[in-house]
Amino acid sequence: SLERIDALGLAAEHGARVVLTAAGEAGMPEGTDERVTNASRMVEAALDMGIPVGDIFIDPLVFPVSVDKVFGLHCLDAICELRGKFGADIHITGGLSNVSFGVPARKMINDVFIILAVEAGADSGIVDPVSSGLNEVFRLHRDSLPYRLAEGQVSKMLSNGIGDGSLCCSGGPGFDTVAWVNVLPELVDGLSDRWSHGHAPPVL
């Protein structure tokens, strides 16, 4: 990150690959523009130190949509802009499952976000290969995935008595699942707007 930009010199000295985050000098980015600006500064610094573009992985930082539903879109837009700016040789990665932290139906959100991130330009990621097997993810029926899974997962949680607010998705107190009946469709609808309707993306 920009807080530790001097560490690039050590990586260049030893010929190491680097993961460059979009964090700023004083904290986390607040939107797409800050992500692109911060990451671009890191990439340019790495290139100036002689690190090959193919050894650079950009992490635009995935934040939980449980905090703000636009966080997923900020990251996707940043991925798209960074891919367009730096071309096909650079790598774009990130903790993709961060997007679903604190919400029910995590697998559904994660699977959707993996597809969207790849379509936006990501070519790697930190994912749970057991929960979200990539071959399985990319075979999903994309037109019906969001609402069918949202409806099925939420209905299952409600039928299991979780919707009274006594449990959160991780088993702790204070999460009102009923509220997510309204939030999930809107969230997934917003993410779906980023989908193209061409061929399925390649497996990572």
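Is Arg-83 buried or exposed? Hold on to that one for a moment, everybody, and let me introduce the structure. What you see above is a predicted model, so please keep that in mind as we go. And now the reply: Arg-83 is buried, since its relative accessible area is 16%, and the cut-off for buried is under 20%. We'll come back to this residue, but let's walk through the chain before that.

So, the overall layout. The chain has 204 residues, and 47% of them count as buried. It contains seven helices and three strands. If you read along the sequence, you get α-β-α-β-α-β-α-α-α-α. On contacts: take those with a separation of 6 or more, and 70% of them are between residues 24 or more positions apart. As for the outside, about 10,200 Å² is exposed, with carbon and sulfur atoms supplying 54% of that.

Okay, the sheet. The three strands make an open sheet, ordered 1-2-3, with parallel pairing. At the edges sit strand 1, residues 18-21, and strand 3, residues 91-92, each of which pairs on one side only. Strand 2 covers residues 56-59, and it pairs with strand 1 in the parallel sense over four bridges. If you want a spot to look at there, find Val-19, which stands opposite Phe-57 of strand 2.

Next, the core. The largest nonpolar core has 48 residues, and the ones touching the most other members are Leu-8, Leu-20, Ile-56 and Ile-58. Who contributes? At least two residues each come from helix 1 (7-14), strand 1, helix 2 (32-48), strand 2, helix 3, helix 4 (106-120) and helix 5 (134-137). Helix 4 gives the most, with 10 residues.

Let's zoom in on Leu-20. What does Leu-20 touch, not counting residues up to four places away in sequence? There's Leu-8, then Met-42, Val-43 and Ala-46, and then the run Ile-56, Phe-57, Ile-58 and Asp-59. You may recognise Leu-8, Ile-56 and Ile-58 in that list from the group that touches the most other core members.

Now a quick stop in helix 2, at Thr-32. Thr-32 counts as buried, because its relative accessibility is 13%. Setting aside residues up to four places away in sequence, Thr-32 touches Leu-73, His-74, Asp-77, Ala-78 and Glu-81. Helix 3 runs over residues 71-86, if you want to trace those partners on the model.

On to the charged side chains. How many salt bridges does the structure hold? Four, and I'll show you three examples.

Number one joins Asp-55 and Arg-17, with N to O at 3.5 Å. Asp-55 is in the loop between helix 2 and strand 2, while Arg-17 is in the loop between helix 1 and strand 1, so the pair ties together parts that are 38 residues apart in sequence. The two ends sit in contrasting surroundings: Asp-55 counts as buried at 18% relative accessibility, whereas Arg-17 is exposed at 56%.

Number two brings us back to Arg-83, as promised. Its side chain meets that of Asp-123 in a salt bridge, 3.8 Å from N to O. Why does this pair tie together parts that are 40 residues apart in sequence? Because Arg-83 lies in helix 3 and Asp-123 in the loop between helix 4 and helix 5. Asp-123 is partly exposed, with a relative accessible area of 29%. Arg-83 has another polar partner too: a polar atom of its side chain is 2.7 Å from the backbone oxygen of Ile-90. And if you leave aside neighbours within four places in sequence, Arg-83 is in contact with Ala-88, Asp-89, Ile-90, His-91, Ile-92, Ala-120, Gly-121 and Asp-123. Look for His-91 and Ile-92 in that list; strand 3 is 91-92.

Number three stays inside one helix. Lys-107 and Asp-111 form a salt bridge, and their closest N and O atoms are 2.9 Å apart. Both are in helix 4, four residues apart, or about one turn of the helix. Lys-107 is partly exposed, with a relative accessible area of 31%, and Asp-111 counts as buried at 3%.

That's my tour. If you take one residue away with you, make it Arg-83, buried at 16% relative accessible area and joined to Asp-123 by a salt bridge. Thanks, everyone!

Methods:
Residues are numbered from 1 along each chain as its sequence is written. This is a predicted model: local features need pLDDT of at least 70, side-chain atom pairs count only at pLDDT 80 or more; totals for chains, interfaces and linings use all residues. Side-chain values use heavy atoms; hydrogens and water are left out. Two strands pair if DSSP finds at least two bridges between them. A polar contact is a pair of N or O atoms within 3.5 Å; within protein, one must be able to donate a hydrogen and the other to accept it, and residues adjacent in sequence count only if both atoms are side-chain atoms. Contact means heavy atoms within 4.5 Å. A nonpolar core is a set of buried Ala, Val, Leu, Ile, Met, Phe, Trp, Tyr and Cys residues joined through side-chain atoms within 4.5 Å. Buried means under 20% relative accessible area, exposed over 50%, partly exposed in between (1.4 Å probe, protein chains only). Accessible areas come from the Shrake-Rupley method with a 1.4 Å probe; for residues, only the protein chains shown count as cover.
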